[in-house]
Amino acid sequence: MQCTKCGNPKVIYKREQSGQLLCKDCFIESVEKKAIKTIKKEKLLDKGDKVLVALSGGKDSVTTLEILNSFRERNIIDICAVTVDEGIANYRQDGVDIAIRHAERLGIEHKVVSLEDEYGITLDEIMQRENHKGSCTYCGVFRRTIINKAARDMNATKIATGHNLDDEVQGIVMNYLEGNTNNLTKLGAKTESKAKEFTVKIKPLREIPEREIGLYVVAKELEVHFDSCPYAMQSFRGEVSEVINQLAEKHPTIKYSTLRGYDKIKNILKDEIERDYSHGRCKRCGEPAANELCKACSFLEELGL
């Protein structure tokens, strides 16, 4: 066995969908090139951008930070970061500490915001309530709100998240199965809103499989928090992920074909389905909202907070 690119006999990875064999250096280079290709193809960055990285300390966000830092080193963009502490015992603190160390290593502006400080409750406490809607429902909404506020506070022009190929395909399949056509229109490499208070979101890792990101951080010896969220497998996303991975064992290209198929119809979906919200203001927090309350505040009221 030899590296398909350079002939090095020390192969560390085989791409099942293509049969390509890669040594350590060629593998690292291929992941970085793929992310940079996505950035250029989708026009995710503009010179002078200040990009806020949603930095959890996990493999995806650390890889996003590492790749975007190559643009920072060439003085194309500036970077800052925010870490959300959801309040999950025996899980979150390790990731927070790793995120802090990466921010210090690169010398970038960084803040940690907790659900407890922002909303007066932790995710663990929410999940002890009998009437809860599921961990991912609350976590997704509260995290997005906190990250968007942080982007405004830190004068960021873009928010970069670590969504990988697996995440994006799961989102496509989940929203289709649930009949959530409106959310289906919001996926993609770049998400913009008509409300100026919502910072543009970008996904540089959107075309990179999760397992390759895991190997990338090991190959580069980057410190990451590898533990999975204890609530993840209880979620619908966890179930969908399991089904997709089972299919991918026999059909190695299925994740890419699902993504490509969605990208071909995305604009048609937007034209036909996307709602034209008349953005008002949440009467409780003042954030943009389609109804009297924004989603975060409606959840807080349901929880009696």
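Student: In what order do the 6 strands of the open sheet stand?
Tutor: This is a predicted model. In the model, one sheet is open and its pairing is mixed. Strands E5 (109-114) and E7 are its edges, as each pairs on one side only. Read across, the order is E5-E4-E3-E6-E8-E7.

Student: Which residue in E6 is the bridge partner of Val53?
Tutor: Strand E3 covers residues 50-54 and strand E6 covers residues 158-160. The two run parallel and are joined by 3 bridges. In E6, the partner of Val53 is Ala160.

Student: What angle does the direction of helix H2 make with that of E3?
Tutor: Helix H2 spans residues 59-73 and packs on the sheet. Its contacts there are with E3, strand E4 (78-85) and E6. Its direction and that of E3 make an angle of about 165°.

Student: And helix H6, at what angle does it run to E4?
Tutor: Helix H6 is made of residues 135-153. It lies across E3, E4, E5, E6 and strand E8 (200-202). Its angle to E4 is about 145°.

Student: How many of the 13 residues of H7 are buried?
Tutor: Helix H7 runs over residues 165-177 and reaches 18 Å from its first C-alpha to its last, close to the 18 Å expected. Its buried residues include Leu165, Val169, Ile172 and Met174. Among the elements covering them are H2, H8, H9, helix H10 (236-250) and helix H11 (254-273). The helix is largely enclosed by the rest of the structure, because the number of buried residues is 10.

Student: Which residue caps the N-terminal end of H7?
Tutor: The cap is a contact between a side-chain oxygen and the backbone nitrogen of Asp166. The distance between these atoms is 2.9 Å. The residue that supplies the oxygen is Asn164.

Student: Which residue with a positive phi follows H7?
Tutor: After the helix comes a residue whose phi is near 70°. That value is positive, and the residue is Gly179.

Student: Is Thr185 buried or exposed?
Tutor: Thr185 sits in the loop between helix H8 (181-184) and strand E7 (190-191). Its side chain reaches the backbone oxygen of Asn182 at 2.6 Å. The cut-off for burial is under 20% relative accessible area. Thr185 has 0%, so it is buried.

Student: Is Tyr216 buried or exposed?
Tutor: Tyr216 belongs to helix H9 (residues 210-219). Leaving aside neighbours within four places in sequence, its contacts include Phe27, Val31, Ile67 and Leu222. Because its relative accessibility is 0%, Tyr216 counts as buried.

Student: How far apart in space are Tyr216 and Asn75?
Tutor: In sequence, the two residues are 141 residues apart. In space, taken C-alpha to C-alpha, the separation is 24 Å.

Student: What is the relative accessible area of Ser30?
Tutor: Ser30 is part of helix H1 (residues 24-41). Not counting residues up to four places away in sequence, it touches Lys5, Arg15 and Leu22. Ser30 is buried, because its relative accessible area is 8%.

Student: What radius of gyration does the chain have?
Tutor: The chain contains 12 helices and 10 strands. Its C-alpha atoms fill a box of roughly 65 × 40 × 40 Å along the principal axes. A compact globule of 305 residues would have a radius of gyration near 19 Å, which agrees with the chain's 20 Å.

Terms used:
Residues numbered from 1 in each chain as written. Predicted model: local features only at pLDDT ≥ 70, side-chain atom pairs only at ≥ 80, totals over all residues. Heavy atoms only, no water. Helix = DSSP H or I, 4+ residues; strand = E, 2+ residues; numbered from the N terminus. Buried < 20%, exposed > 50% of the residue type's maximum accessible area, 1.4 Å probe, protein only. Polar contact = N/O pair within 3.5 Å; in protein donor to acceptor, adjacent residues only side chain to side chain. Pairing = 2+ DSSP bridges. Contact = heavy atoms within 4.5 Å. Axes fitted to C-alpha atoms, helices over the stretch in contact; angles between N-to-C directions. Expected span 1.5 Å × (residues − 1). Rg over C-alpha atoms; globule rule 2.2 N^0.38 Å.
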